[in-house]
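Let's take a walk through a protein chain together, going from the overall picture down to single residues. Have the sequence and the 3D view open while you read.

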Amino acid sequence: MTTDRCAAAHDEDPTDCIGPKDAVTVIDKEGTAVPACENHGTTLLASLYDGRVEPGTVLGAATRVHAAADTTHPFPWLSDALRTEPGQRSNAENRRAAGE
């Protein structure tokens, strides 16, 4: 694991950055903005309630991050998590469970 990772990389997430560390900006519901690579931008967005992603330095990255976060579990490095509650599942899984 690389120690020089983007600002969005969670300390417990063992994955490396993918692409530039400012490919996108992830913003939480309070308005706090964090520059992120596509990998950690995806996991951060998937782990936030009411978060959003905005373009950074990589054309199309915000669209890719938004789409990938929809099917990514919150805190995906917690591979042994039960994922039984809505806040533990991906947005796509929650929509399927609701019959949408």
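Here is a short tour of this chain, starting with the whole and ending with a few individual residues.

## The big picture

First, keep in mind that this is a predicted model. The chain has three helices and three strands. If you start at the N terminus and read along, the elements come in the order β-β-α-β-α-α.

How does the radius of gyration of the chain fit with a compact globule? A compact globule of 100 residues would have a radius of gyration near 13 Å, and the chain has 13 Å, so the two agree. Draw a box along the principal axes, and the C-alpha atoms fill roughly 35 × 25 × 25 Å.

## Inside, outside and charge

Of the 100 residues, 32% count as buried. As for the outside, the chain exposes about 6,100 Å², and carbon and sulfur atoms supply 52% of that area.

Now for contacts. Take those in the chain with a separation of 6 or more: 41% of them are made by residues 24 or more positions apart. Charges are worth a look too. There are 9 positive and 16 negative side chains in the chain, and the centres of these two sets lie 4 Å apart.

## The nonpolar core

Which residues have the most contacts inside the largest nonpolar core? This core has 16 residues, and the ones with the most contacts inside it are Cys-6, Val-24, Val-26, Ala-36, Leu-45 and Val-53. Four elements give two or more residues to this core: strand E1 (24–27), strand E2 (33–36), helix H1 (38–47) and helix H2 (61–70). H2 gives the most, with four residues.

Try clicking on Val-24 in your viewer. Leaving out residues up to four places away in sequence, Val-24 touches a long list of partners, including Val-34, Pro-35, Ala-36 and Cys-37. Further along the sequence, the partners of Val-24 include Gly-41, Val-53, Glu-54 and Pro-55, and also Ala-61, Ala-62 and Val-65.

## Helix H1, mostly under cover

Is helix H1 mostly covered or mostly uncovered? Mostly covered: eight of the ten residues of H1 are buried. They are Asn-39, His-40, Gly-41, Thr-42, Thr-43, Leu-45, Ala-46 and Ser-47. These buried residues of H1 pack against E1, E2, E3 and H2.

Leu-44 also lies in helix H1, but why is Leu-44 not on the buried list? Its relative accessible area is 22%, so Leu-44 counts as partly exposed, since buried means under 20%. Not counting residues up to four places away in sequence, Leu-44 touches Ala-8, Val-26 and Val-34. Compare that with Glu-30: Leu-44 and Glu-30 are 14 residues apart along the chain, and their C-alpha atoms are separated by 14 Å.

## Two residues with a positive phi

Most residues other than glycine have a negative phi. Keep that in mind for the next two.

Asp-50 is found in the loop between H1 and strand E3 (52–55). It is not a glycine, and yet Asp-50 has a positive phi of about 65°. With a relative accessible area of 52%, Asp-50 is exposed. The other one is Phe-75, in the loop between H2 and helix H3 (91–97). Phe-75 is not a glycine either, and its phi is positive at about 45°. This residue is partly exposed, with a relative accessible area of 35%.

## Apart in sequence, but how far in space?

Where is Lys-21? You'll find Lys-21 in the segment before E1, and it is partly exposed with a relative accessible area of 35%. Lys-21 and Asp-4 are 17 residues apart in sequence, and from C-alpha to C-alpha they are 9.7 Å apart in space. Asp-4 is also one of the residues that Lys-21 touches, along with Arg-5, Cys-6, Pro-35, Ala-36 and Cys-37, once residues up to four places away in sequence are left out.

Last stop: Gly-31, in the loop between E1 and E2. Gly-31 is partly exposed, with a relative accessible area of 47%. How far apart in space are Gly-31 and Gly-51? They are 20 residues apart in sequence, and the C-alpha to C-alpha distance is 8.8 Å.

Note on methods: Residues numbered from 1 in each chain as written. Predicted model: local features only at pLDDT ≥ 70, side-chain atom pairs only at ≥ 80, totals over all residues. Heavy atoms only, no water. Rg over C-alpha atoms; globule rule 2.2 N^0.38 Å. Buried < 20%, exposed > 50% of the residue type's maximum accessible area, 1.4 Å probe, protein only. Contact = heavy atoms within 4.5 Å. Areas by Shrake-Rupley, 256 points an atom, 1.4 Å probe, with all protein chains shown as cover. Lys, Arg positive; Asp, Glu negative; His and termini not counted. Charge placed at Lys NZ, Arg CZ, Asp CG, Glu CD. Core = buried A, V, L, I, M, F, W, Y, C linked by side-chain atoms within 4.5 Å.
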